[in-house]
Every structure is written in C-alpha cells, then in structure tokens.
Amino acid sequence: MPSFKMRYLLANLKRTTKKNTKNRIRNKNKNKNMGKIKNQSFISTTEKLPCPEEEEDTDECFGLKSSAPSHTHGVQPLGNLYLNSCSINSRDTGLGNLHTLSDELVLEVLGFLDASELGVLATVSKSFSVFSNHEPLWRNLVLENLVNGFQFNGFWKSTYVAACYPSFDLSSNVIEGFKVRDFYSDYLFQSWLCANLEMKPEWLERDNIVRKKGISVEEFVLNFEEPNKPVLLEGCVDDWDALRNWDRDYLVELCGDVKFSVGPVEMKLGDYFRYSDQVKEERPLYLFDPKFAEKVPKLGSEYEVPVYFREDLFGVLGKERPDYRWIIIGPAGSGSSFHVDPNSTSAWNAVIKGSKKWVLFPPDVIPPGVHPSPDGAEVASPVSIIEWFMNFYGATKNWKKKPIECICKAGEVIFVPNGWWHLVINLEESVAITQNYVSRRNLLNVLDFLKRPNASTLVSGTRDRVNLYDKFKNAMEASFPGTIEELTQKEEEKRMQQKKPSFWDSVTDANMGAFKFSF
C-alpha cells in the first residue's frame, strides 16, 4: 500500500506553531500541506477539522465523528515529528534493528504470531506494545478462532481474552488506555482516522441517477435493462411487510438463536448488534447471509421480488442455482468496496431501514484505485471505502465518464446492471435485501461468462463451478426450448445492423468528399 497522503490528513488541522517556524519547516520540507497536531486530545475533542486560513483550497476539510475517541496509544501522524525538532520517534527506538521495516511489514510479521506470543512481545518495549496491541491483529485472531460467534467487548483484544481466557481479570488490564509519548506513524494513525471520519458533504451531494416511480415493466426493460443502465425505483416495495416490521427488536426476537454469516464467522443477530453498537474501526464487519430465508422462513415471506425482476432464469436450476439473495445488515461506515456482481448477473437492492451511498462505474471504466487481474479472477482494492473517498473520489469530478451516484433510502430500490462496478457505504445503520438474477436481456452474457476457460476460478456461489455452464444450458433448453438460439440470432442481427453502413456512408466517397454512383 502506498504511503498515506498526508495532505488529506493535515492540511485541515489548526496550526499551533508560530508563523516563522511554520515557514521555516515548510521551506525545508517543500510540503505546503504539512500541519501539526499538537496532541491527540485536540482532534479527539474537535468535531470539525478547520481549514487553515492560508489554504485557498477548502475542498480538503474533514470532520471527525462526535464520538471519536483519541487514538488508543497516542499515536500521531508522522508530520508532527517533522514539526517538532526536539522530538525523536519512539517507534524507531523501541523496535531496535527492526525499525528499518515499514509499519505494514512489521504488522505482517506479527500476524504470524498467536495471542500468547503477541502478549509476550508487548512486554519488550513500548513500541512493540503499540504494534502488538494493534486492533486488526486481534480482530484476525477472533475471526480465525471464534468462528461460531463471539460477544464483542469494545476492543478486539479484550473480546479474544474474555472468550479464550475467561479466568483472566480484564478489569486490571489497562492496555487500552496505555499512551506512548512521541510515537509517530502515518500507517497506524491512518487506520484510526479512517475509522472516525465523517463523510464529507460533497461526497454525498452528487445524485445523477435516473429516478422513476410507477413505470411499467416494458418501460423498465426498454429504457434500463436492455441498454444496461442503472435506475433508482421508488414506490415498488411499499406493500412489503418487511418495510413496516424489520426494526431491531422485531428481528432479534424473530431470529432468536439463529446464526447468520458475518464475514468468516456465524453470529446471532443480538450479538451482531452488540458488536455494531460498539465498534469503531476502518472496515466494520458486514452481516451478509445468502441462506437467511431458509434459516428463518418468515423473513423470506415478508418481502416479494419487485415486478421488474421476476424473470429469473437461474431458477431453472432449482436448488443447484448459485447463491442469489442476501439479507444485509451493517452499521454506519460498513459496506462493500468496488466489485462487479458474480456470474455476470444483474441485481436489485432494496433498502428497508437506513440509507446507502452508491457509486457506480460502467463496465468499460475501471474505478480509480481498483486493480483487477487480467483474467478478472481477482480484484485488488487496497484501500478502505472511506480512504477511497479521501484519495480518489475528487478526481472523478473531472472525468468524461463520471460515475453514477445516489443515496438510496428506505423504501427505494436500485437496479445494478451486469458488469457495472459499484461501491456501497452505509450512512447509518441499515437493513437491506438484494438479489442477483438472470433475465433474457443478460442470458447470453451469463452463458459466455460460465463457459470461460477459467470459469472454475470466476464462478461463485456454488460448489460445482466447473459444470455450471452445462447444467444451466441444458436446463434452459429443457424448460425454454429455442430461447437461446432465438436470442443468439437476434444478437447477431443486432451486430450486423451496427456494422451496416448508413445510406450516406454508402454513397459518399470518403477520399473525395463527393458522391459516388454505381449502376
């Protein structure tokens, strides 16, 4: 991961040093955006990070959540060290010979240690204590070892200790409040900052999606599904029982002890809400369960597929069809980084509670900061959602092909065409239902996708990745004989029509700029 862009962090913090000191430092470092955070309590008690008076560009002002705590161990951004000539970085002195390693590499190495080894290492020095208590390390230990669920205790380390060492007296553990003086690290500070930043108003302003209410299925197919364009649909789920019933209390009581998929673990809904109420991290866990209707049938009966999406040809596979529907629950800040929906399907997403910010790019535009492999089997998006907005969102304002954006609120449904890249972040605690489907409009795309040479690595949501193409094609021919051939023929005719020259192209001499006649 590239170094954290300090201009996004520090250009907005009030400078506390004298002007001549700032000018001397600025000239020395050639960095107009470098600022100083005098101490951690300043930003932890300030909801809005003010823009410096000398900065002309006000687009980089950031606000912290009102509940944002100070960094657990007093870690400060590296820019503070540059502005304090008397300080040394205790990070380096405490790591000894390992100080030459990047923070990312130090944490990568520590990721191979178990809980006991991390505990021993934390006693070596204050610097090792900061690294060994880095919350994502303990989060990984929890998710790897407590796959049947856990009860979150405010911190990942205390959660792990309480579950695995119940006799340990957590009341005597003061690690969470242990501060280390003069510890500077952009990487560690970045994680805290991204977990505590509010969404900037300008990140939410753009709303350029087409909105429709009460349109016919024919209009939807003609104007959106066939041309493969997103649309936000209003009023089509107003009669759902889910829209009226699905608040916290109802869901917790209805689901009881049933466990749902939350990343790599299974959790009761009550335990998940306990986690989501307390968590303050850069990438909150997302409840995303494809079997919710089988686990709790009443959940599946309290909504129905909107009329626009009822043709779902994957249904011919019966129980062998890939995963296609999910209940999605998450706190503010949770969401999905850029991805394309599986198996070349289209999708719809209905918000039942809360609201979501959507950013979508067409299939031929790869979002900035996203790096798909040549075969499409993997997508590398090394930054978190909030960091993507900080570092890349602004650049899209000047793109010729700007992303489609909207805020989808409770009772609204967004149509996501096949192949479109999309990012979603919850602006508040949200509950949603989403389904992927195959209609006649994208049937050929799905078949082409399933028969790719590397389909075994591309296909998802099914145990039989290799044979899905043959099973689906055979089932289609049995249930809808002639459909594939008819659609293939229409697609070929369409291609020929697009290649066919117009009348004027056929009678104009491109070289002479005059007409040519043939008799």
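# Exercises on rings, burial and cavities

In this predicted model, Arg321 lies over the face of Tyr324, at 3.7 Å from the ring centre.

**Exercise 1.** Work out which ring the charged end of Arg325 sits over, and whether the distance satisfies the cut-off for a charge over a ring.

Solution. The first step is to find the ring, and for Arg325 the ring beneath the charged end is that of Phe292. The next step is to take the distance to the centre of that ring, which is 5.8 Å, and to set it beside the cut-off of within 6 Å. The value of 5.8 Å for Arg325 and Phe292 satisfies this cut-off. Phe292 also belongs to a cluster linked by ring pairs, whose members include Phe220, Phe224, Trp240 and Tyr437.

**Exercise 2.** Classify the aromatic pair formed by Phe189 and Trp192 as stacked, tilted or edge-to-face, and decide whether each residue is buried or exposed.

Solution. The structure holds 32 aromatic pairs. In the one formed by Phe189 and Trp192, the ring centres are 5.3 Å apart and the planes make an angle of 40°. Planes under 30 degrees apart count as stacked and those over 60 as edge-to-face, so the angle of 40° makes this pair tilted. As for position, both residues lie in helix α11, which covers residues 186-196, and they are 3 residues apart, or about one turn of the helix. Finally, buried means under 20% relative accessible area, and therefore Phe189, with 1%, is buried, as is Trp192, with 9%.

**Exercise 3.** Describe the surroundings of Leu107, beginning with its helix and ending with its contacts.

Solution. Leu107 is found in helix α6, made up of residues 103-110. Its relative accessible area is 10%, and so Leu107 counts as buried. Once its neighbours within four places in sequence are left aside, Leu107 is in contact with Phe131, His134, Leu137, Tyr187 and Leu188. Pro136 stands 29 residues away from Leu107 in sequence, while the two C-alpha atoms are 9.3 Å apart in space.

**Exercise 4.** State how many cavities of 30 Å³ or more are counted, and which residues line the second largest cavity.

Solution. The count comes to 4 cavities of 30 Å³ or more. The second largest cavity holds about 50 Å³ of space, and its lining includes Phe314, Pro322, Asp323 and Asn436. Arg321 and Tyr324, the pair met at the start, are also among the lining residues, as is Tyr437, which was named in the cluster of rings.

Terms used
Residues are numbered from 1 along each chain as its sequence is written. This is a predicted model: local features need pLDDT of at least 70, side-chain atom pairs count only at pLDDT 80 or more; totals for chains, interfaces and linings use all residues. Side-chain values use heavy atoms; hydrogens and water are left out. Rings of Phe, Tyr and Trp (its six-membered ring) pair if their centres lie within 6.5 Å; planes under 30 degrees apart count as stacked, over 60 as edge-to-face and the rest as tilted. Helices (H or I, at least four residues) and strands (E, at least two) are DSSP runs, numbered from the N terminus. Buried means under 20% relative accessible area, exposed over 50%, partly exposed in between (1.4 Å probe, protein chains only). A charge sits over a ring if NZ of Lys or CZ of Arg is within 6 Å of the ring centre and within 35 degrees of the ring normal. Contact means heavy atoms within 4.5 Å. On a 1 Å grid over the protein atoms alone, a cavity is a set of points where a 1.4 Å probe fits but cannot get out, and a pocket is an open set with protein on both sides within 12 Å along at least five of seven lines; lining residues have an atom within 4 Å of a point. Grid points are joined across faces, edges and corners, and a volume is the space filled by probe spheres set on the points.
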